[in-house]
Amino acid sequence: MKIFKCPNCASTIFFENSRCVNCGNVLGYDAVSDGFIIPNSYNSYYNNNFKFCDNHKYGICNWLIEDDGNHIFCKACELNRKVPAESDTENFQKWKKLEVAKHRLVYQLLKLNLPLESKIKNNQGIAFDFLSENNSDNMVTGHAGGVITILLSEADSVHREQIRMQMDEPYRTLLGHFRHEMGHYYWGFFFDYSDNIFNFRNLFGDERQDYNQAINHYYCYGAPLNWNLNFISKYATSHPWEDWAETWAHYLHIMDTLETGNAIGISFSSNQTQNQEIHITRCSNPYQTRDFKTIFETSIALTSAVNSLNRSMGLPDIYPFVVPEPVFQKLSFIHNLFNQHLYS
Ligand SMILES: [Zn+2]
Ligand SMILES: [Zn+2]
Ligand SMILES: [Zn+2]
């Protein structure tokens, strides 16, 4: 993620801010210019035609839209189909937490120039349903035909940590969930009716194997012992579609952390990178880097540095992953798909 500046006083603004903590101006995020803007309605010195997304009134969204009378929601909020009612206070607060992660997801998908249309307008598009488990039986967070269901209970951090331990996962976050589920949606975009499917199957396996059977098998028997030689996570072993979604989410993690490293201006001394035979000097902008090896090596330098920082604070590693060669190949494949898409 970029580091943003206040257009009035140039103080640092975080992505979720809707007011500058230094000069007090109300401001919002404009996805088109990828920057923060002070809407004219809050400070008439700024000559523009922006207004806040309708979810701003609940403190749920700080994105701006053109006040052209055609829209009430921003690019991120217009993807919502079902959200809890404001009167349902507990679930409403949970939804608010989930929107923080979803807005970060949408930010990155826009950066990757991926199609992002609301299913309400286009049936091929995307819809988010934020549901509480009480609505019907056996509901899970997941994707089906462009509809991404997110259980509101995911926002409960104690519940999430319990599941993380039950499933023996080193990493479980809301942002990770969103990235994973969107991976399923974009699988269709990249591979339905495409020649690329042969390359996909070479790396990830044949997705035509029975999905439900594969998932049930995974939940009964777990991952094979040597899963870490070929997969980014245990769950990725369950079915080629899950491997794709897990690897896709991992690719987005790498790209976002590197964009942040680049925005802060992080550079590495040769001491830090020598051990791994990596000779990276600074974090370049990953969205402008064609060569995935460079991105990957920078990511190793950055994440091992940040893991060390976390350990200094007695915290678990921010990046609890080891990437074996086959996963590197899968990540490169995803990167090349983006490049082909971006430059075609
Ligand atoms: Zn300011
Ligand atoms: Zn919005
Ligand atoms: Zn999945």
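## A pocket, three domains and some salt bridges

Let's begin with a space inside this predicted model: the second largest pocket holds about 860 Å³. Its lining is made up of 36 residues, and those closest to the pocket's centre are Tyr 171, Thr 173, Thr 257, Ile 318 and Tyr 319.

Which helices help to build that lining, with at least two residues each? They are helix 2 (157-166), helix 3 (174-191), helix 6 (240-264) and helix 8 (292-312). Helix 6 is the top contributor here, giving seven residues to the lining of the second largest pocket. As for chemical character, the lining splits into 19 nonpolar, eight polar and nine charged residues.

Now step back to the whole chain. The domain assignment cuts it into domain 1 (1-74), domain 2 (76-187) and domain 3 (194-344). Take domain 2 and domain 3 as a pair: their C-alpha centres sit 21 Å apart. Where they touch, domain 2 brings 20 residues to the contact and domain 3 brings 24 residues.

How much area is buried between domain 2 and domain 3? The figure is about 2100 Å², and carbon and sulfur atoms supply 65% of it. On the domain 2 side, the residues that lose the most area to domain 3 are Leu 112, Arg 179 and Trp 187, which together account for 32% of what that side buries.

Charged pairs come next. Side chains of opposite charge can pair when their charged atoms come close. The structure has 20 salt bridges, and two salt bridges are counted between domain 2 and domain 3. Here are a couple of pairs from the structure, with the distance between N and O atoms:

| Salt bridge | N to O distance |
|---|---|
| Lys 111 and Glu 259 | 2.7 Å |
| Arg 104 and Glu 16 | 2.7 Å |

What does the salt bridge of Arg 104 and Glu 16 tie together? Arg 104 belongs to helix 1 (residues 89-111), while Glu 16 is in the loop between strand 2 (12-13) and strand 3 (28-30), so this pair links parts that are 88 residues apart in sequence.

To recap, the second largest pocket draws on helix 2, helix 3, helix 6 and helix 8 for at least two lining residues each, and domain 2 and domain 3 bury about 2100 Å² between them.

Key
Residues numbered from 1 in each chain as written. Chains lettered and ligands numbered in written order. Predicted model: local features only at pLDDT ≥ 70, side-chain atom pairs only at ≥ 80, totals over all residues. Heavy atoms only, no water. 1 Å grid on protein atoms, 1.4 Å probe; cavity = no way out; pocket = protein on both sides within 12 Å on 5 of 7 lines; lining within 4 Å. Points joined across faces, edges and corners; volume = space filled by probe spheres on them. Helix = DSSP H or I, 4+ residues; strand = E, 2+ residues; numbered from the N terminus. Nonpolar A, V, L, I, M, F, W, Y, C, P; charged D, E, K, R; others polar. Domains from an automatic or database assignment. Contact = heavy atoms within 4.5 Å. Buried area = accessible area lost by both parts, 1.4 Å probe. Salt bridge = Lys/Arg side-chain N within 4 Å of Asp/Glu carboxyl O.
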